[in-house]
Amino acid sequence: GWASMLVFLFKHEADVNDIDEVLLMAMAERESTFRADAVGGGAGPVGLMQIMPKTAAGYGITRSELFDPHVNIEFGAKYIGDKIDQYGNNKPVALAAYNQGPLAVSRGTYSTRYATKITGAEDSITQYLVKNGYGLGN
């Protein structure tokens, strides 16, 4: 039930934002291991996609709303989609902006380690989807 619902949400939001659902799933796997109740350290990113409440607030989304899987995935998809567009489809830079913030990218002080982790997770997610009858994630 939970996995099927998440696959549906990732697919739907990926379609709406014209991005790859496997990318979204890989991000959620790395960020929270698919836990809607996840709370990170530091400034306190929350939910499946580990969204910073301050970032979400700029879009009118409250911290408590980020614990709703649909809201969290919807915002995460929109945000990474915007970053992919902003950085000319350069996925490693877009992922650095998602993970470290756009200021790190504009200063040139970002790392692509996060993008490498996400790329590895994308392969694992694709294998999982095929093995468990979800197709190729397309």
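**Exercise 1. Helix α5**

Determine which residues of helix α5 are buried in this predicted model, and which elements they pack against.

*Solution.*
Step 1. Helix α5 covers residues 91-100 of a model that is predicted.
Step 2. Applying the criterion for burial, under 20% relative accessible area, one obtains V93, A94, L95, A96, A97 and Y98.
Step 3. The packing partners of these buried residues are α2 (21-32), α4 (69-86), α6 (102-107) and α7 (113-131).
Step 4. After α5 comes G101, which has a positive phi, near 100°.

**Exercise 2. The nonpolar core**

Describe the largest nonpolar core: how many residues does it have, and which element gives the most to it?

*Solution.*
Step 1. The largest nonpolar core comprises 41 residues.
Step 2. Within this core, the residues with the most contacts are F10, L24, M27, M49, I80, L95 and Y98.
Step 3. Two or more residues each are given by α1 (2-17), α2, α4, α5 and α7.
Step 4. The element that gives the most is α2, with seven residues.
Step 5. As background, nonpolar side chains in soluble globular proteins tend to be buried together.
Step 6. For F10, setting aside neighbours within four places in sequence, the contacts are E21, L24, M25, A28, F34, M49 and I73.

**Exercise 3. The environment of W2**

Is W2 buried or exposed, or does it fall in between? Identify its contacts beyond the sequence neighbours.

*Solution.*
Step 1. W2 belongs to helix α1.
Step 2. The relative accessible area of W2 is 43%. Buried requires under 20% and exposed over 50%, so W2 is classed as partly exposed.
Step 3. With neighbours within four places in sequence left aside, W2 is in contact with F34, A36 and P69.
Step 4. The C-alpha atoms of W2 and F34 lie 9.8 Å apart, although 32 residues separate the two in sequence.

**Exercise 4. The chain as a whole**

Characterise the secondary structure, compactness and surface of the chain.

*Solution.*
Step 1. The chain contains seven helices and zero strands, in the order α-α-α-α-α-α-α from the N terminus.
Step 2. Its radius of gyration is 14 Å, close to the 14 Å given by the globule rule for 138 residues, so the chain is as compact as a globular protein of that length.
Step 3. The C-alpha trace spans about 45 × 30 × 25 Å along its principal axes.
Step 4. Of the 138 residues, 43% are buried.
Step 5. Among contacts between residues at least 6 apart in sequence, 46% join residues at least 24 apart.
Step 6. The exposed area is about 7200 Å², of which carbon and sulfur atoms supply 52%.
Step 7. The chain has 12 positive and 15 negative charges, whose mean positions are 9 Å apart.

Terms used. Residues are numbered from 1 along each chain as its sequence is written. This is a predicted model: local features need pLDDT of at least 70, side-chain atom pairs count only at pLDDT 80 or more; totals for chains, interfaces and linings use all residues. Side-chain values use heavy atoms; hydrogens and water are left out. Helices (H or I, at least four residues) and strands (E, at least two) are DSSP runs, numbered from the N terminus. The radius of gyration is taken over C-alpha atoms; the globule rule is 2.2 Å times the number of residues to the power 0.38. Buried means under 20% relative accessible area, exposed over 50%, partly exposed in between (1.4 Å probe, protein chains only). Contact means heavy atoms within 4.5 Å. Accessible areas come from the Shrake-Rupley method with a 1.4 Å probe; for residues, only the protein chains shown count as cover. Lys and Arg count as positive and Asp and Glu as negative; His and the chain ends are not counted. The place of a charge is taken as NZ of Lys, CZ of Arg, CG of Asp or CD of Glu. A nonpolar core is a set of buried Ala, Val, Leu, Ile, Met, Phe, Trp, Tyr and Cys residues joined through side-chain atoms within 4.5 Å.
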